Amino acid sequence: MSDKKPIEIDLVDRNNWYILLDGELIATNDVGKTWNKFNVPQNTVQIQFIDHKIGWALATLKSGTNLYYSKNGGYTWDKRF
């Protein structure tokens with residue numbers, strides 16, 4: 001796991017957990033036994049997953065706020081707004 005402080009923790013269900021850190025997302029699908037690291041959009045301040053694949057990320061920039069969508073558990077993010 002990372003030594004960075006968590007910004008937000010999202011427990012989707014018993015097995016799937018997501019932890020937003022500064023500039024990265026770590027996730028487990030086995031109750032914390034193993035962790036995967038993913039990139040998140042720059043300046044992400046909030047995440048929300050509705051299941052182990054579908055998630056949203058909110059990023060704040062000087063130009064405004066952007067909303068991103070992932071359909072693959074955080075591997076990739078598409079800007080939606």
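**Two four-stranded sheets and a shared nonpolar core**

The chain exposes about 5,300 Å², and carbon and sulfur atoms supply 50% of that area. The model is a predicted one, and what follows is a walk through its build, from the overall dimensions down to single residues. Of the 81 residues in the chain, 35% count as buried. The C-alpha trace spans about 40 × 25 × 15 Å along its principal axes. A compact globule with 81 residues would have a radius of gyration near 12 Å, and the chain, at 12 Å, agrees with that. As for contacts between residues at least 6 apart in sequence, 24% of them join residues at least 24 apart.

On secondary structure, the chain keeps things simple: it has eight strands and zero helices. Read from the N terminus, the elements come out as β-β-β-β-β-β-β-β. These strands are best taken sheet by sheet.

One open sheet has four strands in the order E1-E2-E3-E4, paired in the antiparallel sense. Its edges are taken by E1 (8-11) and E4 (36-39), each of which pairs on one side only. On average, neighbouring strands here are turned by 20 degrees against each other, direction ignored. E1 and E2 (residues 17-21) run antiparallel and are joined by four bridges; five residues lie between these two strands, which form a hairpin. Within this pair, Ile9 sits opposite Ile19 of E2.

E2 also has E3 (residues 24-28) as an antiparallel partner, this time through five bridges. Leu20 has Leu25 in E3 as its bridge partner. The E2 and E3 hairpin has two residues between its strands, and Gly23 in this hairpin adopts a positive phi near 85 degrees. E2 is mostly covered, too, with four of its five residues buried.

The other open sheet to look at also has four strands, in the order E5-E6-E7-E8, and its pairing is antiparallel. E5 (44-49) and E8 (78-79) are the edge strands; each has a single partner strand, so one side of each is left without a neighbour in the sheet. E5 pairs with E6 (residues 55-61) in the antiparallel sense over five bridges, and the two make a hairpin with five residues between them. Along this pairing, Thr44 stands opposite Ala59 in E6, while Gln48 faces Trp56 in E6.

Moving on through the sheet, E6 and E7 (residues 64-70) run antiparallel and are held together by seven bridges. The hairpin that joins E6 to E7 does it through two residues. Gly55 is bridged to Ser70 in E7.

With the sheets laid out, the next stop is the nonpolar core. In soluble globular proteins, nonpolar side chains tend to be buried together. The largest nonpolar core in this model has 12 residues in all: Tyr18, Leu20, Leu25, Ala27, Phe38, Val40, Ile47, Phe49, Ala57, Ala59, Tyr68 and Trp77. E2, E3, E5 and E6 are the elements that give two or more residues to this core. Several residues already met in the strand pairings turn up again here, including Leu20 and Leu25, which are bridge partners across E2 and E3. Ala59, another core member, is the residue that stands opposite Thr44.

Phe49 is a good core residue to inspect up close. Leaving aside neighbours within four places in sequence, Phe49 is in contact with Asp10, Val12, Tyr18, Leu25, Ile54, Gly55, Gly73, Gly74 and Trp77. Among these contacts, Tyr18, Leu25 and Trp77 are listed in the core along with Phe49 itself. Gly55, also in contact with Phe49, is the residue whose bridge partner in E7 is Ser70.

Notes: Residues numbered from 1 in each chain as written. Predicted model: local features only at pLDDT ≥ 70, side-chain atom pairs only at ≥ 80, totals over all residues. Heavy atoms only, no water. Pairing = 2+ DSSP bridges. Axes fitted to C-alpha atoms, helices over the stretch in contact; angles between N-to-C directions. Rg over C-alpha atoms; globule rule 2.2 N^0.38 Å. Buried < 20%, exposed > 50% of the residue type's maximum accessible area, 1.4 Å probe, protein only. Contact = heavy atoms within 4.5 Å. Areas by Shrake-Rupley, 256 points an atom, 1.4 Å probe, with all protein chains shown as cover. Core = buried A, V, L, I, M, F, W, Y, C linked by side-chain atoms within 4.5 Å.
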